[in-house]
Amino acid sequence: MITLSPFKSEDAFKMDWIETEDLAGMLRNNRYIFECLEQEGNSQTMTNETGSILGIIVLTPYHTGWCDISMFMAKSIQDEFDKDIYKALQDIVNDLTKKYKRVSLNGKSSNEKLTKLIKHLGFEEEGVMRKYGWHGEDYVLYSIVG
């Protein structure tokens, strides 16, 4: 069973990050960023039944009626997203598509498992953001427009 709870800045320091050298890993060392996320109140921590942190979901709503999702997933689940994780993410996406006319996110173009998950959640590819990532990787922008 997956539980979502309001993000607390200390959660960021309890998670085994997928790539510690990536931007998320760099931010992990900056407590101020995570304290700001906690105060904004738009982020969720995803945990399993043992209390292990599986990921942090950051929601950035914009006044123009759209929302951007950033997902930071733990190393422990990078190889496979089980049905409980998928259901939790699908519930988040379904709620957001009811509130916003546009929901977007992006992911590394080289991450096939993430790409499959994103498309399963109903997102459509919009385009490639070349050399967008921390190490110059290409990312793909996805959205659901209602």
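Strands β3 and β4 run antiparallel and are joined by eight bridges, in what is a predicted model. Within this pairing, P61 has C67 of β4 as its bridge partner, and the hairpin that β3 and β4 form has three residues between the strands, with G65 taking a positive phi near 90 degrees. Strand β3 is mostly covered, since seven of its ten residues are buried.

**The β2–β3 hairpin and its loop**

β3 also pairs with β2: the two strands run antiparallel and are joined by five bridges, with T47 standing opposite I53 of β3. Five residues lie between the strands of this hairpin, and one of them, G51, adopts a positive phi near 90 degrees. The loop between β2 (43-47) and β3 (53-62) also contains N48, whose side chain is joined to that of T50 by a polar contact of 2.8 Å. When residues up to four places away in sequence are not counted, N48 touches M1 and L54.

**The strands β5, β6 and β7**

Strand β7 is largely enclosed by the rest of the structure, because five of its seven residues are buried. It pairs with β5 in the antiparallel sense over seven bridges, and in this pairing Y142 of β7 is the bridge partner of L105. β7 pairs in the antiparallel sense with β6 as well, here over five bridges, and Y139 of β7 is the bridge partner of M129. The loop between β6 (124-129) and β7 (139-145) holds K131, a residue other than glycine whose phi is nevertheless positive, near 50 degrees. With a relative accessibility of 68%, K131 counts as exposed, because the cut-off for that class is over 50%.

**Salt bridges**

The structure holds three salt bridges, and the table gives the N to O distance for each pair.

| Pair | Distance (N to O) |
|---|---|
| D91 and K87 | 3.1 Å |
| R102 and E126 | 2.9 Å |
| E137 and K108 | 3.6 Å |

The pair of D91 and K87 belongs to a single element, as both residues lie in helix α3, four residues apart, about one turn of the helix. D91 is partly exposed, with a relative accessible area of 33%.

The side chains of R102 and E126 meet in a salt bridge of 2.9 Å. R102 lies in strand β5 (residues 102-108) and E126 in strand β6, so this pair ties together parts that are 24 residues apart in sequence. R102 is partly exposed, with a relative accessible area of 22%, and E126 likewise counts as partly exposed, at 42% relative accessibility.

In the salt bridge of E137 with K108, the closest N and O atoms are 3.6 Å apart. E137 lies in the loop between β6 and β7, whereas K108 is in strand β5, so the pair ties together parts that are 29 residues apart in sequence. Both E137 and K108 are buried.

**Helices α3 and α4**

Helix α3 (residues 83-99) has 17 residues and reaches 24 Å from its first C-alpha to its last, close to the 24 Å expected at 1.5 Å a residue. Its buried residues are I85, A88, L89, Q90, I92, V93 and L96. An α-helix has 3.6 residues a turn, so residues three or four places apart point the same way.

In helix α4 (residues 112-120), the residues L114, T115, L117 and I118 are buried. They cover an arc of only 165 degrees around the axis, which puts them on the same side of α4. On the other side of α4, E112, K116 and H120 are exposed. What covers the buried residues of α4 includes β4 (66-73), α3, β5 and β7.

As for the ends of this helix, N111 caps the N-terminal end of α4, with a side-chain oxygen that lies 3.4 Å from the backbone nitrogen of K113. α4 is followed by G122, whose phi is positive, near 105 degrees.

Note on methods: Residues are numbered from 1 along each chain as its sequence is written. This is a predicted model: local features need pLDDT of at least 70, side-chain atom pairs count only at pLDDT 80 or more; totals for chains, interfaces and linings use all residues. Side-chain values use heavy atoms; hydrogens and water are left out. A polar contact is a pair of N or O atoms within 3.5 Å; within protein, one must be able to donate a hydrogen and the other to accept it, and residues adjacent in sequence count only if both atoms are side-chain atoms. Contact means heavy atoms within 4.5 Å. The expected span of a helix is 1.5 Å times one less than its number of residues. Buried means under 20% relative accessible area, exposed over 50%, partly exposed in between (1.4 Å probe, protein chains only). A salt bridge is a side-chain nitrogen of Lys or Arg within 4 Å of a carboxyl oxygen of Asp or Glu. The arc is that of the directions from the helix axis to the C-beta atoms. Two strands pair if DSSP finds at least two bridges between them.
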